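Thank you all for coming. I would like to walk you through one structure today, so please have a look at it before I begin.

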Amino acid sequence: MRLISVYLIGLIFGVGISISGMANPEKVLNFFDFAGTWNPSLAFVMGGGVVVAFFGYRTVLKREGPSFDQMFHVPQNRTIDLKLLGGSAIFGIGWGLSGFCPGGALPALGTGRWEVILFTLALIAGMAVARYINTHTGKRFQTPGGPELHQPAAHGPLTEAPRGPATEQNLSN
Amino acid sequence: MEIVNFTPLASLFGGVLIGLAAVLLMAAIGRIMGATGILSAAVFAEDDRAWRWALLAGMVSGPAVFLMATGSWPEITVPVSPLALIVGGFLVGIGVSYGSGCTSGHGVCGLARLSPRSFAAVLTFMATTALTVFLVRHVFGG
């Protein structure tokens, strides 16, 4: 029941992305091209999503907990640091070069288009490299994915590296 | 400036569905709908991966449902080179890892939670994306 619900929620997201145009690099790049062929449509995507989530979250988070979990896993970190800003700046450069963001590309994988697959492989490679650097410098990510992300991982299609010295030091700080 | 291919209603409807999915995910399992965190943990985390793969499977099924409903695949036009996809994808992977999220996690869920980190992240990546597009298209490009 839990996994079926989550699958259907992913499906709603995937259909929403398909309708919205977020999976279409031409549209995304035009949204940012104020000096050229501007397409303001994507402001409506984020606007619609934020308004629905704003009121929806206010309702849901008043409940004692989610239906299929013990608790709400909501990020508590409120510190704006260089890692957040630098990472976001790099993300923007990549988004501007390719026209794909992760939320747009993942549903678009369902079309089987080679461009989406190529982007997604490069995306996972970038994540793997970031994790490798983090593992070897003993630092951790604060991610919305939850505490699992903080564990040095050692498997998955593109993880050449993190099997290395995933040491106690890394795990304990 | 020339406004092209403007689809406010479709985009608004798509955005509403994205927001709805984020709310339902919080209601069902108490998680943020962030594509970055979900993909990263689905691939790299050591446990609790089942729900993330279920969610990804649902996302990937989206275009097929769109096809059944409308008779055509969602439009995907890629006006950039394979090299730009590779370099761009790699930079996105690095950036969202350090920035703790992307358009879905920060841009929809974080703004809806009024998270100051997400406001800072969204302003930052919107600015660098626009700057990159400007440089590529109007300074170095055609």
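Why is helix α2 (residues 25-32) of chain A largely enclosed by the rest of the structure? Seven of its eight residues are buried, so the surroundings largely enclose this helix; buried here requires 20 or more other C-beta atoms, placed from the backbone, within 10 Å of the residue's own.

This is a predicted model, in which local features need pLDDT of at least 70 and side-chain atom pairs count only at pLDDT 80 or more, while totals for chains, interfaces and linings use all residues. Residues are numbered from 1 along each chain as its sequence is written, and chains are lettered from A and ligands numbered from 1 in the order in which they are written.

The buried residues of α2(A) are P25(A), K27(A), V28(A), L29(A), N30(A), F31(A) and F32(A), and they pack against β1, α3, α4 and α5 of chain A together with α6 of chain B. Helices (H or I, at least four residues) and strands (E, at least two) are DSSP runs numbered from the N terminus.

Turning to the two chains together, 115 residues of chain B are in contact with 118 residues of chain A, contact being C-beta atoms, placed from the backbone, within 7 Å. On the side of chain B that touches chain A, α1(B) supplies the largest share, with 21 residues.

Chain B itself has six helices and one strand, running β-α-α-α-α-α-α from the N terminus on, and 61% of its 142 residues are buried. Its C-alpha atoms fill a box of roughly 45 × 40 × 30 Å, taken along the principal axes.

Terms used
Buried ≥ 20, exposed ≤ 12 C-beta atoms within 10 Å, placed from the backbone.
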